[in-house]
Amino acid sequence: MSEGKVVLVGAGPGAPDLITLRGVEALRHADVVLYDRLTHPALLEHAPIDAERIYCGRAPGAPGDDRQESIHDLMVRHARAGRVVVRLKGGDPFVFGRGGEELQALIAQGIEVEVIPGITAGISVPAALGIPVTHRGLARGVTFVSGHGGETDWSALARSGTTLVIYMGLRNLERIVSALKSAGMSPQTPACVIENGTLRSQRQVLATLGTLSAAGFEGPAIIVVGEVVRLARIALQEKKAA
Ligand SMILES: C[S@@+](CC[C@H](N)C(=O)[O-])C[C@H]1O[C@@H](n2cnc3c(N)ncnc32)[C@H](O)[C@@H]1O
């Protein structure tokens, strides 16, 4: 029997038409699809009707190491049985998605792997609201950072002069805001939280570091801190005026 392979596919940030054409093509040829919590259910319709669909999601904050091991085993087992396995992951597989670990594990087992990038939430979700993460005269760089866990040096980031794009920070919002302010970042700095970006259920709060709150938000959310957030206000005001 010939060996199968694994394709790590980025599903994009939310809306099902924000996957790449190459990602759709991979789904069309899948024998097995392993998909995550944040991948849109409509994407599974691209796979052949008889392809096996296996849910591999986990609730935010739930322990993940054992689960990650079992995903590696599952991919290896199916590929060794000669199947084409699509591992469908939210956004881009290599941005806070453990795609790098999966790639390494598959290579270590001698499995053929292909990587198809996706549009990461940290760029596309602000963009959908008119916020460019870099902008001439406002931000010469951008830092993508996890708001989950406690190892981030927020005071170094506060001094970085880059736009801060924070993934997985909703539960720690108060702590993050207070760390940035303690590090000397002005409370007037524009900031926003965008929940369920690019989906119909998208909601956002546009504020400043001093007033930012996301009461009632529970979905996946991106926090953006920096002068570029002003541009969303402009985009929204123009939409209202039209
Ligand atoms: C485990 S990370 C995966 C990121 C993904 N690999 C990517 O490139 O976008 C999940 C986090 O991404 C962000 N996220 C993903 N989809 C989002 C969306 N539609 N709207 C807002 N934030 C989103 C949230 O911060 C969420 O907690």
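The following legends describe close-up views of the ligand and its surroundings in a predicted model.

**View 1. The shell of residues around the ligand.** In this predicted model, the ligand is surrounded by 18 residues. Val95, Thr120, Met168, Gly197 and Ala221 are the closest of them. By residue type, the shell consists of 12 nonpolar, 5 polar and 1 charged.

**View 2. Backbone atoms beside the ligand.** A backbone N or O atom of Asp92 lies 2.8 Å from an oxygen atom of the ligand. Ala121 likewise places a backbone N or O atom 2.8 Å from an oxygen atom of the ligand. For Gly197, the ligand partner is a nitrogen atom, and the distance from a backbone N or O atom is 2.8 Å. The ligand taken alone exposes 570 Å², of which the protein buries 87%.

**View 3. The pocket and the parts of the chain that form the shell.** The ligand takes up the space of the largest pocket. Helix H4 (121–128) supplies at least two residues of the shell around the ligand, and so does strand E10 (221–225). Domain 1 (5–116) and domain 2 (121–241) each contribute at least three residues to this shell.

Terms used. Residues numbered from 1 in each chain as written. Predicted model: local features only at pLDDT ≥ 70, side-chain atom pairs only at ≥ 80, totals over all residues. Heavy atoms only, no water. Near = heavy atom within 4 Å. Polar contact = N/O pair within 3.5 Å; in protein donor to acceptor, adjacent residues only side chain to side chain. Areas by Shrake-Rupley, 256 points an atom, 1.4 Å probe, with all protein chains shown as cover. 1 Å grid on protein atoms, 1.4 Å probe; cavity = no way out; pocket = protein on both sides within 12 Å on 5 of 7 lines; lining within 4 Å. Sits in = over half its atoms within 2 Å of the grid points. Helix = DSSP H or I, 4+ residues; strand = E, 2+ residues; numbered from the N terminus. Nonpolar A, V, L, I, M, F, W, Y, C, P; charged D, E, K, R; others polar. Domains from an automatic or database assignment.
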